[in-house]
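Hi,

Here is the structure I said I would pass on. Have a look at it first, and my notes on what turned up are underneath.

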Amino acid sequence: MNLKTDIQFFVNGPLVSNKVRNIFDLQTIVNTCDLTEPRRLTLCCYANIVPETKPEPDKKGLLALIAPPRGNMVASLSFTVSNKITTVADIRSYLNEKYGTVFNFEPYENTETKPAVLDCVHEQECTGLRDSKTGQATHYTIYTVQWHYLNNQDIVVNNELKQIWPRKTGKAPISIQKFFHVHVR
């Protein structure tokens with residue numbers, strides 16, 4: 001029995017989990033992202049050893065594009081999709097507009113103009129002690145802000161998949177282009 005490696009690419013993130021075949025599929029997905037806030041996406045490569053058989057016609061159609069990944073993840077590449085490079089001040093403003101508070105967002109002093117990205121706001125539902133008057137358990141939500149200053153390892157692209165950080169190049173980042181070519185199909 002001959003075996004072959006089946007390679008599949010997926011892009012995962014908030015509101016996104018799709019199979020992609022090439023950079024053009026990725027560009028289509030990125031172009032549909034809601035960019036009211038930056039979106040963190042991860043491009044993943046899965047490998048699975050399967051028997052080598054004649055390919056059968058694909059009967060699944062569109063369902064094959066949203067099927068869950070098979071095999072082991074062998075590589076991943078994370079990047080952020082945003083229309084502009086956000087700063088600490090932008091993050092503070094966004095949190096105040098959406099939640100009316102900045103929660104635990106406490107950047108260093110004098111960094112309001114430093115490039116930064118809001119990764120996510122975690123919401124955790126908790127049950128506390130019983131209310132002394134009613135005897136019912138109390139319920140509350142804890143919000144935790146996850147963010148970081150941008151550095152040279154970060155990749156930020158706009159909704160056309162053109163790199164805008166660490167350098168504005170006007171084309172797709174080389175690391176994303178190479179991701180599809182390095183992993184042999």
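L161 is buried, since its relative accessibility is 2% and the cut-off for buried is under 20%. It sits in the loop between β7 (156-157) and β8. The odd thing about L161 is its backbone: phi is positive, about 65°, and the residue is not a glycine. Most residues other than glycine have a negative phi. Please keep in mind that this is a predicted model, with a chain average pLDDT of 85 and 88% of the residues scoring at least 70. Strand β8 (residues 163-165), where that loop ends, has the highest mean pLDDT among the elements, 95. At the other end of the scale is strand β2 (residues 16-20), with the lowest mean, 79.

There is another positive phi to look at. N110, also not a glycine, has a phi of about 60°. Its place is in the loop between α2 and β5 (116-130). Buried or exposed, then, for N110? Exposed, because its relative accessibility is 78% and exposed begins over 50%. So the two loops put this backbone feature in opposite settings, with L161 buried and N110 exposed.

While you are in the backbone, check the step from W165 to P166: that peptide bond is cis, with omega near 5°. P166 belongs to the loop between β8 and α3.

Now the overall layout. The chain has three helices and eight strands, and along the sequence they run β-β-α-β-β-α-β-β-β-β-α. Of the 185 residues, 35% are buried. Taking contacts between residues at least 6 apart in sequence, 69% join residues at least 24 apart.

On to the cores. L161 comes back here: in the largest nonpolar core, which has 25 residues, those that touch the most other members are V11, L26, L41, L43, F79, L161 and I176. Two or more residues each come from β1 (3-13), β2, α1 (23-31), β3 (39-51), β4 (72-81) and α3 (174-182). Apart from this core lies another, of eleven residues, including V88, Y94, F105 and V145. In general, nonpolar side chains in soluble globular proteins tend to be buried together.

F79 is a good place to centre your view. Leaving out residues up to four places away in sequence, F79 touches L26, V30, R39, R40, L41, L43, I155, V157, L161 and I176.

Two more buried residues are worth a click:

- L35 is in the loop between α1 and β3. It counts as buried because its relative accessible area is 17%, against a cut-off of 20%. Beyond its neighbours within four places in sequence, L35 contacts V81, S82, N83 and N159. The C-alpha atoms of L35 and S82 are separated by 6.0 Å, although their positions lie 47 residues apart along the chain.
- I91 is in helix α2, and at 3% relative accessible area I91 is buried too. Outside the four places to either side in sequence, its contacts are F105, A116, V117, L118 and W147. From I91 to E37, 54 residues apart along the chain, the C-alpha separation is 9.2 Å.

Last, the empty space. How many cavities of 30 Å³ or more does the structure hold? One, with a volume of about 30 Å³. Its lining is made up of T80, S82, K84, I85, T86, A116, V117, L150 and V156, which divide into five nonpolar, three polar and one charged. S82 is also a contact of L35, while A116 and V117 are contacts of I91.

The second largest pocket has a volume of about 260 Å³. It is lined by 14 residues, and T36, P38, K84, T86 and D90 lie nearest its centre. Helix α2 (residues 88-99) gives the largest share of that lining, five residues. By class, the pocket lining has five nonpolar, five polar and four charged residues. K84 and T86 line the cavity and are also among the residues nearest the centre of this pocket.

Send me your thoughts once you have had a look around.

Cheers

Technical notes. Residues are numbered from 1 along each chain as its sequence is written. This is a predicted model: local features need pLDDT of at least 70, side-chain atom pairs count only at pLDDT 80 or more; totals for chains, interfaces and linings use all residues. Side-chain values use heavy atoms; hydrogens and water are left out. On a 1 Å grid over the protein atoms alone, a cavity is a set of points where a 1.4 Å probe fits but cannot get out, and a pocket is an open set with protein on both sides within 12 Å along at least five of seven lines; lining residues have an atom within 4 Å of a point. Grid points are joined across faces, edges and corners, and a volume is the space filled by probe spheres set on the points. Ala, Val, Leu, Ile, Met, Phe, Trp, Tyr, Cys and Pro count as nonpolar, Asp, Glu, Lys and Arg as charged, and the others, Gly among them, as polar. pLDDT is the predictor's confidence in each residue, from 0 to 100. Helices (H or I, at least four residues) and strands (E, at least two) are DSSP runs, numbered from the N terminus. A nonpolar core is a set of buried Ala, Val, Leu, Ile, Met, Phe, Trp, Tyr and Cys residues joined through side-chain atoms within 4.5 Å. Buried means under 20% relative accessible area, exposed over 50%, partly exposed in between (1.4 Å probe, protein chains only). Contact means heavy atoms within 4.5 Å.
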